[in-house]
Amino acid sequence: MANKLTLIASVIAASTALVANTASAADSTLDKVTKQGYLTCGVSTGLPGFSNPNSKGEWEGIDVEYCQALAAAVLGDKTKVKYVPLTAKERFTALQSGEIDVLSRNTTWTLQRDAALGLNFVGVNYYDGQGFMVKKDLGIKSAKELDGASVCVQSGTTTELNLADYFRNNGMSYKPVVFDTSAQTSKGFDAGRCDVLTTDQSGLYALRLNLQNPDSAMVLPEIISKEPLGPVVRQGDDQWFNVAKWTLFAMVNAEEYGITSKNADEMLKSKDPNVTRILGVDGPKGQGLGIRDDWGYQIIKQVGNYGESFERTVGKGSPLQISRGVNALWNEGGFMYAPPIR
Ligand SMILES: N[C@@H](CCC(=O)N[C@@H](CS)C(=O)NCC(=O)O)C(=O)O
């Protein structure tokens, strides 16, 4: 009897180990990405500055450049990315199911998403906050004057929840007019389906550009929430989580130490150990992460540092013209601070 029980126990242990092994092999996103030779990146269906197809159908934006950086770090080639457009409602299921390797889609880091949804936020690549846009001819100057307004809003977002909180907190009522994509939301606003459009403030500036007459609308001064936006991976894959985190940190650190896509080659010979460690000439290189030693160099050379990416996509080099504000580096009055590469 005892023998039989031992036998059963060891069979159970062996099959559990087998299941665990299969699961961990299947769960290793880094192995999967390396084997297939490309990365699958979940983006929006189109939001200028963040993730948006250009006239040639190429994806552009700060969230797209993060995926390019991740591909450069892991595969040495920023073009090895397959983009999967996702609505706000679809995005988390796509990540949980393994359809995408990383979600990089103006997604707000919240407790519920980080914990209950089984996801890990990589960090913050854009500090945002929710705002309102109205037609100028309404004559409204503050969100406090919006009692009774109809509000165009996108489903499956923090925006919907903050909107309800804000109106309730201020003793005001509103009528939600709900859409699935940003294109539908801004068309709805343009067509007069609502008095006001609400979303992340960066999104307001982006959507305003696409209105028939951008000058007819204005953004109200109130910011009603915190929207720290960042890339997301699945829980339970620490190696991939690390690679994803340090890709973002390398871009921020590179800006801090003045390494750019243009001077990266020269910087390989720098006397500053902070610089050479970011570029993988010295220091931990790729060992602990399990990727190529020159991962940092590849990110900066092929994509650029955080500041370059910001200016090109949402900043002064883009139609959005957003200033750095709180997204400046920590030593320039902003929140962008990355742990050291050493
Ligand atoms: N940051 C918020 C809102 C994200 C969001 O989806 N915003 C809309 C409105 S600008 C958007 O990006 N839409 C793009 C799309 O429809 O694909 C969240 O994580 O819930």
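The following paragraphs walk through the domains, the sheet, a covered helix and the aromatic rings of this predicted model.

The overall layout is a good place to start. The protein is divided into two domains: domain 1 takes in residues 29-125 together with 230-332, while domain 2 covers residues 128-227. Domain 1 is thus made from two stretches of the chain, with domain 2 written between them in the sequence. The C-alpha centres of domain 1 and domain 2 are 29 Å apart. Where the domains meet, 17 residues of domain 1 are in contact with 17 residues of domain 2.

The next feature to look for is an open sheet. Five strands build this sheet in the order β10-β9-β11-β8-β12, and their pairing is mixed. At the edges are β10 (residues 174-179) and β12 (residues 217-219), each of which pairs on one side only. From one strand to the next, the twist averages 30°. One pairing can be followed in detail: β9 (residues 149-154) runs parallel to β10, and six bridges join these two strands. Within this region, C152 has V177 of β10 as its bridge partner.

Two helices accompany the sheet. Helix α7 (residues 182-190) lies across β8, β9, β10, β11 and β12, and runs at about 160° to β9. Helix α8 (residues 201-209) also packs on the sheet, where it touches β8, β11 and β12. The direction of α8 makes about 125° with that of β11.

A helix elsewhere in the chain shows how much of a helix can be covered. In α12 (residues 295-302), six of the eight residues are buried. These buried residues are W295, G296, Y297, Q298, I299 and I300. Their packing partners are four other helices, namely α3 (62-75), α9 (238-256), α10 (264-267) and α11 (273-278). After α12 comes G304, which has a positive phi near 120°.

Aromatic rings offer another way to read the model. A pair of such rings is described by the distance of the centres and the angle of the planes. The structure holds twelve aromatic pairs. In one of them, Y127 and F335 meet edge-to-face, with 5.1 Å from centre to centre and 85° between the planes. Y127 belongs to strand β7 (residues 126-128) and F335 to the segment after α13 (306-313), so this pair ties together parts that are 208 residues apart in sequence. Both rings belong to partly exposed residues: the relative accessible area is 27% for Y127 and 47% for F335.

A further pair joins W330 and Y337. Their ring centres are 5.3 Å apart and their planes stand at 65°, so this pair is edge-to-face as well. W330 counts as partly exposed at 40% relative accessibility, whereas Y337 counts as exposed at 58%. Ring pairs also link F50, Y126, Y306 and F310 into a cluster.

Charged side chains meet some of the rings too. R324 lies over the face of F310, at 5.1 Å from the ring centre, and F310 is also one of the cluster members. In another place, the charged end of K135 sits over the ring of F189, 4.7 Å from its centre. K135 falls in strand β8 (130-135) and F189 in helix α7 (182-190), so this contact brings the story back to the sheet and the helix that lies across it.

Key
Residues numbered from 1 in each chain as written. Predicted model: local features only at pLDDT ≥ 70, side-chain atom pairs only at ≥ 80, totals over all residues. Heavy atoms only, no water. Phe/Tyr/Trp six-rings, centres within 6.5 Å; stacked < 30°, edge-to-face > 60°. Buried < 20%, exposed > 50% of the residue type's maximum accessible area, 1.4 Å probe, protein only. Lys NZ or Arg CZ within 6 Å of the ring centre and 35° of its normal. Pairing = 2+ DSSP bridges. Axes fitted to C-alpha atoms, helices over the stretch in contact; angles between N-to-C directions. Contact = heavy atoms within 4.5 Å. Domains from an automatic or database assignment.
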